[in-house]
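Trainee: Please take me through one part of this model in close detail, with its surroundings, and then place it against the rest of the chain. I would like residue names and values wherever they can be given.

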Amino acid sequence: MKLLSITAAQTARQRPEAYGNPQGFSVECVSTPQQGIYLMHEMDFDVVLASWPLSGWSAEDVLSEVQRVNRSVPVVLQMPSGTLELEDAARLTKLGAYHVVGDSIGDRDLHGILESAVEHRRSRDVAHFRDAIEMAPWRKLLVGDSRAMRNVADLVRLVGPRKCTVLISGETGTGKELVARAIHMASPRAALPMVSVNCSALPENLLEAELFGHTRGAFTGATTQRVGRFEQAQHSTLFLDEIGDMPIELQSKLLRVLQEREFQRLGSSETIRVDVRVIAASNVDLVERVREGRFREDLYYRLNVVPLNTPPLRERRDDTPSLVHHFIAKICRNEDLPLKNVSSETLERLAAHSWPGNVRQLENAVEMAVALSGDRMMLYPGDFPLAALPPRKTPAAHVDSMVRVPDEGLDYEATVGRIERNILSQALEKSGGNKKLAAELLRLKRTTFAAKLKSLDLAPAC
């Protein structure tokens, strides 16, 4: 901790050795405010202590000058006890002084106030820093505030401004491309669009042309010259999705581009230099692919400069409500619908679901629920007909599969609708038509049960 002590009289309290313990302060002592202001332009201080008398300077003047140089540094004002009035102390505090004390204060108490001032500043700086991160445009792409997502956000913040290659790993549907876009948006290259290529979507010959471009007549069907993705991503970011599916023959060419930052179009001898930041993603274990001889080890290490793992939804269940609300707002906006809401019971059950398809599966489920809810403004558990969706309290007993998918396939929505209708009808039959009792049998709220009866055009048996 660095303390600037401004005092005309070098008393024992202001001498550096008074703060010389290892847990204390590194002290710079000056005898005039002018010297202190000059020193503040040269050095960063954690706290300023100004002690009177200071000839020709009022407390307001010193406070104003310190704040002009660095408004964030806390200032402790030490006034002669005989002249210190409560009203003056309150006024100086309103003007921005951290604390106003008399010259009769003990060394230990003064030391405690200075430490408190430093801690207050650090806490405030951390809060401002976190607020700045939360307000950053890229942070809006990473929905959720769980520990897992905060870790992802911290990595994005650190690597975004750099040029280093990032390898994003994670299960299908965990949002790897969104993380890549967040890294791009957090970089100085954000003014240009990120360019994306799915390495598993094209055969080898077309993928090579897609990446590096080709000249006219380079191969059968190449009737015109084409600029490849690397050239399109000049001074920007190239996102290589499903990199684990890239053919082994093409991996050596990619490695050369990453190392030399140059390549040739297919059918051309002209060397093209590029400034491209590469972010790759894979939902398979690349280390295992290396062991199998299906992925080059040198390319793996060249890509894996900064590894980043996107957590599956089951490891960030606390983010489920935020994701559901986010998807509802997005879907309603895209469909030009009034904003719908979702019941707390529904959120509870969705958070308990395993979601093997991760965030992508959840988004699809929300989109289906919004579509099937019709004009209703509230979404209920029945709007999410997922076979594995647990009740409010998940029973320990094993539930056998109710439906087998035949070789010729089946109509999912019709099948689920029949199952739901059958369950509701059984509950009504067992309860003698008592909807309240039927709802309790299914561990549903009565209002939820009634809404499902209405949506399926079911009426009580009696």
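Mentor: The protein chain contains 17 helices and 14 strands. The model is a predicted one. Of the 462 residues in the protein chain, 43% are buried. Among contacts in the protein chain with a separation of 6 or more, 69% are between residues 24 or more positions apart. The part I will take closely is strand E3, which covers residues 47-51.

Start with the sheet that holds E3. Its 5 strands are arranged in the order E2-E1-E3-E4-E5, the sheet is open, and the pairing is parallel. At the edges are strand E2 (26-30) and strand E5 (99-102), each of which pairs on one side only. On average, neighbouring strands in this sheet are turned by 20° against each other, direction ignored. In the strand order, E3 sits between E1 and E4.

On one side, E3 is joined by 5 bridges to strand E1 (residues 2-7), and the two run parallel. Two positions fix the register here. Leu 3 has Val 47 in E3 as its bridge partner, and Ser 5 stands opposite Leu 49 in E3. The other neighbour is strand E4 (residues 75-79), which pairs with E3 in the parallel sense over 4 bridges. On that side, Val 48 stands opposite Val 75 in E4.

Now the side chains of E3. Val 47, Leu 49 and Ser 51 point one way, while Val 48 and Ala 50 point the other way. How many of the residues in E3 are buried? The count is 5 of 5, and the strand is described as mostly covered. Burial here is a relative accessible area under 20%, and it applies to the residues pointing in either direction from E3.

Part of the surroundings comes from helix H2, residues 59-69. H2 packs on the sheet and touches both E3 and E4, and its direction makes about 165° with that of E4. H2 also has a helical partner, H1 (residues 33-42). The axes of H1 and H2 come within 10 Å and cross at roughly 10°. That angle makes H1 roughly parallel to H2, because angles under 35 degrees are classed that way. The crossing in which H1 passes H2 is right-handed. From H1, the residues at this interface are Pro 33, Ile 37, Met 40 and His 41; they meet Val 62, Glu 65, Val 66, Arg 68 and Val 69 of H2.

For comparison, take a second sheet further along the chain. It too is an open sheet of 5 strands with parallel pairing, in the order E7-E8-E11-E6-E12. Its edge strands are E7 (195-198) and E12 (306-309), each pairing on one side only. The twist from one strand to the next averages 20°. Strand E6 (residues 166-169) runs parallel to E12 and is joined to E12 by 4 bridges. Within that pair, Ile 168 stands opposite Leu 308 in E12. Helix H6 (residues 176-185) lies across E6, E7, E8, E11 and E12, and runs at about 155° to E6.

Beyond E12, helix H12 spans residues 320-334. H12 packs with helix H13 (residues 344-352) at an angle of about 115°, and their axes are 9 Å apart. H12 passes H13 in a right-handed crossing. The residues that meet are Thr 320, Pro 321, Val 324 and His 325 in H12 and Leu 347, Leu 350 and Ala 351 in H13.

One residue of H12 deserves its own note: Lys 330. Is Lys 330 buried, exposed or partly exposed? Lys 330 is partly exposed, because its relative accessible area is 30%, a value between the 20% limit for buried and the 50% limit for exposed. Its side chain makes a polar contact of 2.9 Å with the side chain of Glu 363. Lys 330 and Glu 363 are 33 residues apart along the chain, and their C-alpha atoms are separated by 9.9 Å.

To return to the chosen part: E3 has E1 as a parallel neighbour, E4 as another, and H2 in contact with it from the helical layer of the surroundings.

Terms used: Residues are numbered from 1 along each chain as its sequence is written. This is a predicted model: local features need pLDDT of at least 70, side-chain atom pairs count only at pLDDT 80 or more; totals for chains, interfaces and linings use all residues. Side-chain values use heavy atoms; hydrogens and water are left out. Two strands pair if DSSP finds at least two bridges between them. Axes are lines fitted to C-alpha atoms, for helices over the stretch in contact, and angles run from 0 to 180 degrees between N-to-C directions. Contact means heavy atoms within 4.5 Å. Buried means under 20% relative accessible area, exposed over 50%, partly exposed in between (1.4 Å probe, protein chains only). A polar contact is a pair of N or O atoms within 3.5 Å; within protein, one must be able to donate a hydrogen and the other to accept it, and residues adjacent in sequence count only if both atoms are side-chain atoms. Angles under 35 degrees count as roughly parallel, over 145 as roughly antiparallel, 65 to 115 as roughly perpendicular and the rest as oblique. A crossing is left-handed if the near helix is turned anticlockwise from the far one by less than a right angle, and right-handed if clockwise.
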